[in-house]
Structure formats: C-alpha cells, structure tokens
Amino acid sequence: MRPSANQWTALGACLCLLVAPACRATSTTPDDFNRQLEQADYSKTADNARFQESLRQLDAVAASLTPRQRLYLRYLHAWQTAYSGNMQAALPALDAVIHDAQDPALRIRAGVSAVNLLNIASRNEEAYTRLNRLLDELPSVSDHFARSQALSVASQLYTLAGQYDLGLSLATHLELEAQTDRDRCGSAYLKTLALQKSRSTDLQPATFTEGIATCTKAGEPLFIANIRDMQARTLFDRAQATQAIKILQDGYAATQATHYAPTIADTDATLALAYEHIGDDEAAQRYALRVVSTMAKARPTEIAADALGVLFRASKHRGDFAAALDWHEKFAAAQMGYLSDVSARALAYQMVHQQVAQKKAEIATLSQKNQV
C-alpha cells in the first residue's frame, strides 16, 4: 500500500492533547480537536510511532468528539490497521467508514485506501472498478488532500497495470496541483516509478537525487526509502552492485524505522541480489532470509522471487542439493505467481476499462433517444 497523509498544520500550544497530557483538564474546542486529528493525520508516514501515540490520546477523549470527528478517527485507525499489515481487518473497517461518511472528502479518502488494499491483495478487477468510480466522483470534490490521495493511488495502479503513460500523466497532474512539499514528494516518487517500470530513457541519476531531496524536505522517510531502492535497483541492473549496496546501507536504519514491511522487503531483496553479485554469499543469504520471513504470508511478488532465487543459487553453490531443490521449487512457484499476478492486473485494467467505455456508450445512446 502506498500511504498518503493529507494536511500540513502548524505545531503549537493548541495541540495540547498531543504534546502534554497534563493539559487535558483545560477547555478544548471542536476546532482544537480538528487540528489534533489533522496533525495526527499528517504524521502517519512521516512518524508512524508518533501517529499511533496520537491515536491513543484521541481515543481517550473520543466521547468529546463530534460524530464527524469520531468517524475521522475511525478512518485513521483503519489506515493504521492496513499499514501494520492486517489487511483482513482493514478492508471491512474502511468500508464501514465509506458507508457512514457524509463528508465526500472523507468518503473518497477511505475509498482510495480501500482500493490500495484491494490492489495489494491482488483483487485486481475490484480494485480498478472501485478506482473508476472514485475518479468519476473526483471532479465534484474540492478538498485538495482527498484529490491528491486519489490521483496518487490512480497513478500507481495504472503504472502497475502497464499503463505507464497514464501513470506518468497523473503523477504530473498531481505535481501541477501540488500545494505542499508532501504532494511534490508523492509526485516525484510516482514519476520515478512510472519511468523505472517502463525502462524509459528519461530515467536519469538526477531523477533519483532530486526525488530524494524533495521527499527529504517533506520529511517523508517512506518515500525516500522507496526512491532509494529504485535507484539501487537501477544501479544493480547496470552492473554497479557496490554502489547499490552503499546507497541502501547508508539509509538502512531509516528504512527499518518506517516499520512498513513491503518497503523493508524491497531493500533487503535488492541487498541480497547485490551481495550475491559481488560474491558475498553469507550476506546475500542473510538478507534473502529476511525477505522470506517478512513476506511469508504475502502474495507472490517479484521481491519474494528474487530472494528465493538467491537462496536457491547459494544452496546449489555450496553443494547442498536437497536445500537447493526445495528453494528452487519455492522460487519457481513465486516467480510463476508473480508473473500471473502482473498479467492478471493488466487484464483486469483492460476489462474494467472496456466495461466503463461500454457503459458510457450505452448512456450516450439512451440520452440521444430521450432527446429525440
């Protein structure tokens, strides 16, 4: 799931509940609670530990919140449930927020988070169907943060479906609408993703350094880690494994501090491949095993296949053919599953796109008949 938090607010004494629990005896207005919720929202990916503490503090005063504020708090809890990897519980929680939300912006944001979860769970047709409905609603939504979240997830899903030009176009549109450093950081990540996946010649070393600088200014360690991994993968593909290792090791502690399993696994898999390339089998196996442990319950991915491939080749190299056979079977299954998932995602996009086009044509025909 790619996370997107959506409001910059000034830090100040008004955030009493987030800073000093002893202040709770003082009078707190609905506007104060709004600011506290927004500040918690802001810290979701920038400082997830702080975000979780903010939720605990807001839970303690939930009885004092308005119905809309309590629903906002429910959305933030559902988002954290997804971020922590509990997809099974997160989707029903998000759907409940969508059902109860009267605020279009909150409904869009919960809907976008649900689409992202469906994508992670490989429920591709449902993900693209919901995404199309959300994009249809977007012109009537004026809330900037809901719009940027929707554009971000749409760009990512289109890129993953092989629609690179469309993904890049939406990322550029997000940049044009940007009001915050966070928007610009998200756009930089999405543009880099589309360029890398399409193997575009426009992907230059400056693309990575500028993206990392933009996300550093925004205080977004998760996006920094993702861009850094793409940079390392590109270096590895160009036979520059030593440079790839240095880039990832320099930021390894910060990547671990995000506590986001998919990004951590990305980094470990790239390190496993790079260490294997320079002949350090011990380090390669150590990082590959971390990936296998992290992704044990996840769907097949390119990352898992990469790690299993490293373990297969290492076992074969040391003459442990029983282990090599076991790892190869797992590697082949993961690789086949990943390739099938890529094809399924592309097919789901095409099916939904065709259904939407057909529906629009039917509506247009009906309108013409009604006019006659």
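# Exercises on a predicted helical model

Helix α6 is largely enclosed by the rest of the structure, because 15 of its 17 residues are buried. The model behind these exercises is a predicted one.

**Exercise 1. Work out what span the 17 residues of helix α6 should have at 1.5 Å a residue, and compare that with the distance between its end C-alpha atoms.**

Step one is to fix the limits of the helix, since α6 runs over residues 104-120. Step two is to apply the rule that the expected span is 1.5 Å times one less than the number of residues, which for the 17 residues of α6 gives 24 Å. Step three is the comparison: the end C-alpha atoms of α6 are 24 Å apart, which agrees with the expected span.

**Exercise 2. Describe what is found at the N-terminal end of α6 and just after the helix.**

Begin at the N-terminal end, where Asp-103 acts as a cap, with a side-chain oxygen that lies 3.1 Å from the backbone nitrogen of Ala-105. Then move past the helix to Ser-122, which takes a positive phi of about 65 degrees.

**Exercise 3. Decide whether Arg-147 is buried or exposed, and say which side chain its own side chain meets in a polar contact.**

First locate the residue, which is found in helix α8, residues 144-160. Next take its relative accessible area of 19%; because buried means under 20%, Arg-147 counts as buried. Then look for the polar partner, and the side chain of Glu-177 is found at 2.8 Å from that of Arg-147. Finally, leaving aside residues up to four places away in sequence, Arg-147 touches Glu-177 and also Leu-138, Pro-139, Val-141, Ser-142 and His-173.

**Exercise 4. Find where Ala-239 and His-259 lie, and decide for each whether it is buried or exposed.**

Start with Ala-239, which lies in the loop between α12 (221-237) and α13 (241-250). Its phi is near 65 degrees, a positive value in a residue other than glycine. The relative accessible area of Ala-239 is 58%, and because exposed means over 50%, Ala-239 is exposed. Turn then to His-259, which is placed in the loop between α14 (252-257) and α15 (261-277) and has a positive phi of about 60 degrees although it is not a glycine. At 56% relative accessibility, His-259 also counts as exposed.

**Exercise 5. State how many helices and strands the protein has, and what percentage of its residues count as buried.**

Counting the elements gives 18 helices and zero strands. Turning to burial, 48% of the 372 residues count as buried.

Definitions and conventions: Residues numbered from 1 in each chain as written. Predicted model: local features only at pLDDT ≥ 70, side-chain atom pairs only at ≥ 80, totals over all residues. Heavy atoms only, no water. Helix = DSSP H or I, 4+ residues; strand = E, 2+ residues; numbered from the N terminus. Buried < 20%, exposed > 50% of the residue type's maximum accessible area, 1.4 Å probe, protein only. Polar contact = N/O pair within 3.5 Å; in protein donor to acceptor, adjacent residues only side chain to side chain. Contact = heavy atoms within 4.5 Å.
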